[in-house]
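Trainee: Could we walk through this one together? I would like to practise reading a model.

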Amino acid sequence: MDVLPGVKCSVQNCRFWENGHRCSASAIEVNVDGGGANARQSEQTNCRTFQLK
Ligand code: SF4
């Protein structure tokens, strides 16, 4: 299973999630919650590549 190096993810119900907080997607897209291009803190960002397992 190939995983994205350097990506640590805690979203365990994503179909791309692997044990050890790894991501098996070929690439990920991360956006700002609510749109736009400026987040003020990490909690305002999210992974658009998420797919429900
Ligand atoms: S696609 Fe996003 S949410 Fe899913 S495991 Fe990878 S980083 Fe996490």
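Trainee: Where does His-21 lie?

Mentor: This is a predicted model: local features need pLDDT of at least 70, side-chain atom pairs count only at pLDDT 80 or more, and totals for chains, interfaces and linings use all residues. Residues are numbered from 1 along each chain as its sequence is written, and side-chain values use heavy atoms, leaving out hydrogens and water. Strands are DSSP runs of E with at least two residues, helices are runs of H or I with at least four, and both are numbered from the N terminus. His-21 is in the loop between strand E1 (17-18) and E2.

Trainee: What is the phi of His-21?

Mentor: Most residues other than glycine have a negative phi. His-21 is not a glycine, yet its phi is positive. The value is about 60°.

Trainee: Is His-21 buried, partly exposed or exposed?

Mentor: Use the cut-offs: buried is under 20% relative accessible area, exposed is over 50%, and partly exposed is in between (1.4 Å probe, protein chains only). His-21 has 32%. Therefore His-21 is partly exposed.

Trainee: And Ser-24, buried or exposed?

Mentor: Ser-24 sits in the loop between strand E2 (22-23) and strand E3 (30-32). Its contacts, leaving aside neighbours within four places in sequence, are Met-1, Asp-2, Val-3, Phe-16 and Glu-18; contact means heavy atoms within 4.5 Å. Its relative accessible area is 18%, so Ser-24 is buried.

Trainee: What about Gly-34, buried or exposed?

Mentor: Gly-34 is in the loop between E3 and E4. Its C-alpha atom is 8.3 Å from that of Gln-44, ten residues away along the chain. Its relative accessibility is 90%, so Gly-34 is exposed.

Trainee: Which pattern does the protein chain follow along the sequence?

Mentor: Start with the elements: the chain has zero helices and four strands. Buried residues make up 17% of its 53 residues. Read along the sequence, the pattern is β-β-β-β.

Trainee: How many angstroms separate the end C-alpha atoms of residues 7-50?

Mentor: UniProt, in an unreviewed entry, places "domain: DUF1540" at these residues. Its positions follow the numbering used here, feature names are shortened, and annotations may be inferred rather than shown by experiment. This stretch is 0% helix and 23% strand. Its end C-alpha atoms are apart by 13 Å.

Trainee: How many residues around the ligand are nonpolar?

Mentor: The residues around the ligand, with a heavy atom within 4 Å of it, are Cys-9, Val-11, Cys-14, Phe-16, Trp-17, Cys-23, Ile-28, Cys-47 and Thr-49. Ala, Val, Leu, Ile, Met, Phe, Trp, Tyr, Cys and Pro count as nonpolar, Asp, Glu, Lys and Arg as charged, and the others, Gly among them, as polar. One residue of the shell is polar and none is charged. The nonpolar count is eight.

Trainee: Cys-47 is in that shell. Which residues is Cys-47 in contact with, leaving aside neighbours within four places in sequence?

Mentor: Cys-47 lies in strand E4 (residues 45-47). Its relative accessible area is 35%, so Cys-47 is partly exposed. Its contacts are Ile-28, Glu-29 and Val-30.

Trainee: How far apart are the C-alpha atoms of Arg-15 and Thr-49?

Mentor: Arg-15 is found in the segment before E1. Leaving aside neighbours within four places in sequence, Arg-15 is in contact with Gln-51, Leu-52 and Lys-53. Thr-49 is 34 residues from Arg-15 along the chain, and their C-alpha atoms are separated by 9.9 Å.
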